[in-house]
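Me: I'd like to go through this model with you, one piece at a time. Could you keep the answers in plain sentences?

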Amino acid sequence: MFPIRDHNPSGRTPYVTYMLMAANIGLFLSYVGLTQDVRAINGFYAVWSLIPARITYGEGYYTFLSSMFLHAGWLHLAGNMLFLWIFGDNVEDEMGHLPYLGFYLASGVAAALAQYLTEPFSQVPTVGASGAIAGVMGSYLLLFPKARVDVLVIFIIFFRIFAIPAWIMLAIWFGMQFIGGVGADTSAGGVAYWAHAGGFVAGLVLTLPLWMRRGGPGFWIRTDGHPPHPETHYRIGESRIPKIPRR
């Protein structure tokens, strides 16, 4: 199940979201050539990625920031940028450009801290913007719980696009991170589930003051959880693949 877009247009150009996407893509392109050399890429990550053991021994505090702009591969980068593109513009629209930038960075640091606390002596590098983007998703849940999100569902040879409320998609996503974190061996590497879960919770908490200024529960009552402006409507046509009846 992959989100591909939402029905929630932003009221202004999301310059910071575009800047963050450009920074992530640009930095990845600057070192992607190192991925062909194991020693080179390991040396690069040793300096710039978040390695919990380094933090425990009092080194590399800057990696709480630098690690959130690094990615392990093309799919890692593409997935994160897709989620940022879908959810980032609306949160930036609500917060304003500079507050949104501060919020994004704070969510990323909180996510990295959550991952660090699960295995403070791990030597496994942690990289990726997903913790910060999870914070954006937590904020989106609080501000637009019933905004419609189009998700592409793929099951073997079946694929179809469904429009579902954001809270359903985000609740499923968060549940998957929590369950994955409980069952994962954090010392073995892989997906940083606790960074995702921690970033999501941090983003939700950091958005509470804005939500309260909007009226808190009253904001939800006035908007019924939908964006406070007309939603975008997409036409999803039927597949042109001919249907062959069974005999």
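Me: To start somewhere specific, in which strand does Val151 lie?
Reply: Val151 lies in strand S2, where helices (H or I, at least four residues) and strands (E, at least two) are DSSP runs, numbered from the N terminus. This is a predicted model, in which local features need pLDDT of at least 70 and side-chain atom pairs count only at pLDDT 80 or more, while totals for chains, interfaces and linings use all residues. Residues are numbered from 1 along each chain as its sequence is written, and side-chain values use heavy atoms, with hydrogens and water left out.

Me: Is Val151 buried or exposed?
Reply: Val151 counts as buried, at 1% relative accessibility; buried means under 20% relative accessible area, exposed means over 50%, and partly exposed is in between (1.4 Å probe, protein chains only).

Me: What is Val151 in contact with, leaving aside its neighbours within four places in sequence?
Reply: Taking contact as heavy atoms within 4.5 Å, Val151 is in contact with Met1, Phe2 and Pro3, and also with Arg160, Ile161, Phe162, Ile164 and Met169.

Me: And how far apart in space are Val151 and His71?
Reply: They are 24 Å apart, C-alpha to C-alpha, with their positions 80 residues apart in sequence.

Me: Stepping back, how many helices and strands are there?
Reply: The protein has 10 helices and 3 strands, and from the N terminus on the order is β-α-α-α-α-α-α-α-β-β-α-α-α. The radius of gyration is 19 Å, close to the 18 Å that the globule rule gives for 247 residues, so the protein is as compact as a globular protein of that length. That radius is taken over C-alpha atoms, and the globule rule is 2.2 Å times the number of residues to the power 0.38.

Me: What does the C-alpha trace span along its principal axes?
Reply: The trace spans about 60 × 55 × 35 Å.

Me: And how much of the protein counts as buried?
Reply: Of the 247 residues, 45% count as buried. As for contacts with a separation of 6 or more, residues 24 or more positions apart account for 76% of them.

Me: What about the area that the protein exposes, and which atoms supply it?
Reply: The protein exposes about 13400 Å², of which carbon and sulfur atoms supply 67%; accessible areas come from the Shrake-Rupley method with a 1.4 Å probe, and for residues only the protein chains shown count as cover.

Me: Changing topic, how many salt bridges are there?
Reply: The count comes to 5 salt bridges, a salt bridge being a side-chain nitrogen of Lys or Arg within 4 Å of a carboxyl oxygen of Asp or Glu. One of them pairs Arg5 with Asp150, the closest N and O atoms being 2.6 Å apart. This pair links distant parts of the chain, with Arg5 in strand S1 (residues 2–6) and Asp150 in strand S2 (residues 148–155), 145 residues apart. Asp150 counts as buried, at 0% relative accessibility.

Me: Which residue does Arg214 form a salt bridge with?
Reply: Arg214 forms a salt bridge with Glu94, and their closest N and O atoms are 3.1 Å apart. Here Arg214 is in the loop between helix H9 (193–213) and helix H10 (217–223), whereas Glu94 is in helix H5 (residues 74–95), 120 residues apart. Arg214 is partly exposed, with a relative accessible area of 29%, while Glu94 is buried, with a relative accessible area of 16%.

Me: And Asp224, which residue does that one form a salt bridge with?
Reply: Asp224 forms a salt bridge with Lys146, the closest N and O atoms being 3.2 Å apart. Asp224 is in the segment after H10 and Lys146 in the loop between helix H7 (130–143) and S2, 78 residues apart. Asp224 counts as partly exposed at 44% relative accessibility, and Lys146 is partly exposed too, with a relative accessible area of 31%.

Me: What is phi of Asp224 near?
Reply: Phi of Asp224 is near 55 degrees, which is a positive value in a residue other than glycine.

Me: Last one, where is Phe159 found, and what does Phe159 touch?
Reply: Phe159 is found in strand S3 (residues 158–165) and is exposed, with a relative accessible area of 53%. Not counting residues up to four places away in sequence, Phe159 touches Leu152, Val153 and Ile154.
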